[in-house]
Amino acid sequence: ILNLPWPLKDQDLITHYQLKELEDGSCLIKITSCPEAFVKESKYVRIRDYEACWQLTKLDENRIHIVFVAISRDGPRFPRVILDPLMKKVFRDNFNDLKVLLSSL
């Protein structure tokens, strides 16, 4: 469940996560949209084409290298000049939450 600000508040996204441990000890999390997995509620616009990937590699006891890539081929509903700053803030907030979570392990 995502709590995204306007202008994304009226959208939903159903995803499938795959976790794979690689031979080099890194971890790959692949995220793929599954728009047909659940019935769409009429009040939401479904994001249909989304892919993302996290790769986490432990460098040493105190450091992890993280690569994140995401793409959506759905056309934007608002200009990027509006969306980009919002998405960057959401991503930074989520990344900081992940950092706190990982540091507590």
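**Figure 1. Overall fold of the chain, with one helix and six strands.** The model is predicted. Read along the sequence, the elements run β-β-β-β-β-β-α. The C-alpha atoms fill a box of roughly 45 × 30 × 20 Å along the principal axes. Of the 105 residues, 17% count as buried. Among contacts with a separation of 6 or more, 43% join residues 24 or more positions apart.

**Figure 2. Confidence along the chain.** The average pLDDT of the chain is 86. A score of at least 70 is reached by 95% of the residues. Among the elements, strand β3 (residues 27-33) has the highest mean pLDDT, 96. The lowest mean, 85, belongs to α1.

**Figure 3. Asp 12 in strand β1.** Strand β1 spans residues 11-12 and includes Asp 12. This residue counts as buried because its relative accessibility is 17%, and the cut-off for buried is under 20%. Neighbours within four places in sequence are left aside here. Beyond them, Asp 12 is in contact with Tyr 44, Val 45, Arg 46 and Ile 47.

**Figure 4. Cysteines without disulfides.** The structure holds zero disulfides. Cys 27 is in none; its nearest cysteine sulfur, that of Cys 53, is 9.5 Å away. For Cys 34, the closest cysteine sulfur is also in Cys 53. That sulfur is 15 Å away, so the two are too far apart for a bond; a disulfide needs the sulfur atoms within 2.5 Å. Cys 34 is partly exposed, with a relative accessible area of 25%.

**Figure 5. The second largest pocket, a space of about 310 Å³.** Three elements each give two or more residues to the lining: β5 (50-60), β6 (63-72) and α1 (80-103). Of these, α1 gives the most, with four residues. The element with the largest share of this lining, α1, is also the one with the lowest mean pLDDT in the chain.

**Figure 6. Residues lining the second largest pocket.** By class, the lining has five nonpolar, two polar and five charged residues. The charged residues in the lining are Lys 58, Asp 60, Glu 61, Arg 63 and Lys 99. Asn 62 and Ser 103 are the polar ones. The nonpolar residues are Ile 64, Ile 66, Phe 95, Leu 102 and Leu 105.

Conventions: Residues are numbered from 1 along each chain as its sequence is written. This is a predicted model: local features need pLDDT of at least 70, side-chain atom pairs count only at pLDDT 80 or more; totals for chains, interfaces and linings use all residues. Side-chain values use heavy atoms; hydrogens and water are left out. On a 1 Å grid over the protein atoms alone, a cavity is a set of points where a 1.4 Å probe fits but cannot get out, and a pocket is an open set with protein on both sides within 12 Å along at least five of seven lines; lining residues have an atom within 4 Å of a point. Grid points are joined across faces, edges and corners, and a volume is the space filled by probe spheres set on the points. pLDDT is the predictor's confidence in each residue, from 0 to 100. Buried means under 20% relative accessible area, exposed over 50%, partly exposed in between (1.4 Å probe, protein chains only). Contact means heavy atoms within 4.5 Å.
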